[in-house]
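Colleague: I would like to learn how to read a protein model. Could we go through it feature by feature?

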Amino acid sequence: MSDRFFVTTPIYYVNAEPHIGHTYTTVLADTLTRFERMRGRETLLLTGSDEHGEKILEVAKARGEAVATVAAHYSDLFRETWSELGIGVDRFVRTTDPQHEAVVSDVLQRLFDAGQIDFREYSGLYCVGCERFLTDRDLEDGLCRDHERAPEERTEANYFFRMSDHFEWLKGYLTENPEFLQPERYRKEALAMLDAGLGDLCISRPKKRLDWGIELPFDADYVCYVWFDALLSYLSGIGYPDGPDFESWWAASTHLIAKDILKPHAIFWPAMLRAMGLAPPHRLAVHGYWNVDDRKVSKSLGNMVSPRAMEATYGFEVFRYYLLRDMVFGVDSNFTEERLIARVNADLANNLGNLVSRSLNMTGRYTDGRVPPPGALGPAESRVREAAEAAFPAVEKAMASLQTHRALEAIFKIVDTTNRYLEEKEPWRAAKDPDRAQDVQTTLYTCCEALRITALLLAPFLPEHSSEILCRIGYERRLEEARLPEDLAWGGLAVGAETVKGAPLFPRIETAES
Ligand code: ME8
């Protein structure tokens, strides 16, 4: 295992506010970095804003504002949203940053000098939504599949990156490295795109039509195609070409994307990198779409689900938990508020929240508000301990393929087992019998220790609530210093630590029906 972990989200377009889809990818990236940090790796999370291109210009025109003003407004909105929601962004790249623009310009010049870029005339169907020329496969009834709008017929003299020179190599790479592109279905899809026959990549736009972009260093009448510019943010954000840490971060890179942008990431990007003499990213991981109430998320339907609105109504961590628990990585998922409420009430309020409040209520009443000394573990305690010890390998395995729902299932097995254990031991009854004082102490120690292990494992998913649980059971190690799996060893909780009952951690969400 490399000692570094570098994860990227797509850099988002600055034409709309962050919604559930952007939030999911970014939350997932944050969860992965927290998990890897706890495993002792140095981590870096890169996100940013994709600011050039026709799409942004259209929005600015419609608003009657300068394009740079609109881009800055939305870029700030993304950056502030992630920061307010507690997402640990290490690098936020704006494609209008001079440092990024210099990298793009330098790459263009080098590829041009190396004969990787040609000048030719091209006619085709262009979709402004996708910011690219479409192929037959992108069309349904003459409309762009993704944007449901008619593309425009365009003929232009343009610069082309000789992408097809790299296709034979790319086919081989995708075939021989099954772990590179996950899940498997998207690797197959990428191979099918190559088989269907793709041409070279048009990487310029004439300024007379579009001047909102990075000027080509070898022809001042053109700007660079927005995707060619945007993909390079993954390098400019880590100090390419000669930053001291560039190579080690790049070797440890995971790109997270949704299936909408598979082609630029699985085809354009590896070819561009090869032409530049760089290896592909370590891993490209592709998730499905969040739909809302069974419909595609779209501005026109107004069903965008804003993370800030979710925060105001439910608290952000609860929403975050739902996103990570309900989506099966790689497959589409359907958001409804009813499902969110049902999930949160079942898992967080009734299950975990209840275990925390019962356990700490009882340490308050029966063991002086302190973690009691345990006696010898009996078979019932051993079952709890075994559940706690079984969780990490399952979590580790699930996280390797980004199946956060499985990781959470594994962690909640500890909570289920401990709740059953409490029902079996009935410490509230035992507390009435002075001869069973040791029993009560063992039971409450076992519960607090199970909660400690649960909270450590949950920390990447629910950072604030996990930290609160650890605080309430008197665990002194700070979360930032905690290490997995070392700190999961049974018996890590200090006897005599002060416990605090506190307010309900996850209040039940009441609805009109409940
Ligand atoms: O494509 N479900 O930016 P973008 C799940 N600027 N994820 C979703 C989603 C949904 N319904 N909608 C959006 C771009 N996403 C380019 C990227 S990268 C060099 C350039 C997430 O603002 C998901 O991560 O359209 C998707 O890939 C991304 O937002 C697209 O964001």
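Reading the model

Modeller: Tryptophan 227 counts as buried because its relative accessibility is 9%; buried means under 20% relative accessible area, exposed over 50%, and partly exposed in between, with a 1.4 Å probe and protein chains only. This is a predicted model, in which local features need pLDDT of at least 70 and side-chain atom pairs count only at pLDDT 80 or more, while totals for chains, interfaces and linings use all residues. Residues are numbered from 1 along each chain as its sequence is written, and side-chain values use heavy atoms, with hydrogens and water left out.

Colleague: Which residues does tryptophan 227 touch?

Modeller: A contact means heavy atoms within 4.5 Å. Not counting residues up to four places away in sequence, tryptophan 227 touches Tyr13, Cys130, Glu131, Ile261, Pro264 and His265. Glutamate 131 is 96 residues from tryptophan 227 in sequence, and their C-alpha atoms are 7.8 Å apart in space. Tryptophan 227 itself belongs to helix α7 (residues 226–231).

Colleague: How many helices and strands does the protein have?

Modeller: Helices (H or I, at least four residues) and strands (E, at least two) are DSSP runs, numbered from the N terminus. The protein has 18 helices and 19 strands. Of its 514 residues, 58% are buried.

Colleague: How do I read a sheet, and what is the order of the strands in the open one with 4 strands?

Modeller: Strands of a sheet pair through backbone hydrogen bonds, either parallel or antiparallel. Two strands count as paired if DSSP finds at least two bridges between them. Here the order is β6-β5-β9-β11, with antiparallel pairing. β6 (132–134) and β11 (201–202) are at the edges with a single partner strand each, so one side of each has no neighbour in the sheet. Strands β5 (residues 117–127) and β9 (residues 152–161) run antiparallel and are joined by 10 bridges. In one of these strands, β9, glutamate 156 is the bridge partner of tyrosine 122. Helix α10 (residues 262–275) packs on the sheet, where it touches β6, β9 and β11, and its direction makes about 30° with that of β9. Axes for such angles are lines fitted to C-alpha atoms, for helices over the stretch in contact, and the angles run from 0 to 180 degrees between N-to-C directions.

Colleague: How do I check a helix, and which residues of α3 are buried?

Modeller: The expected span of a helix is 1.5 Å times one less than its number of residues. Helix α3 (residues 67–84) has 18 residues and reaches 26 Å from its first C-alpha to its last, close to the 26 Å expected. Its buried residues are Val67, Val70, Ala71, Tyr74, Ser75, Leu77, Phe78, Thr81 and Trp82. Seen down the axis of α3, these fall within an arc of 150°, so they line one face of the helix; the arc is that of the directions from the helix axis to the C-beta atoms. They pack against several elements, including α1 (20–38) and β3 (42–50).

Colleague: Where are the cis peptide bonds that involve proline 183 and proline 241?

Modeller: One runs from glutamine 182 to proline 183, with omega near -15°. Proline 183 lies in the loop between β10 (181–182) and α6 (184–196). The other runs from tyrosine 240 to proline 241, with omega near 5°.

Colleague: Is glutamate 148 buried or exposed?

Modeller: Glutamate 148 counts as exposed, because its relative accessibility is 60%. Its phi is near 50°, a positive value in a residue other than glycine.
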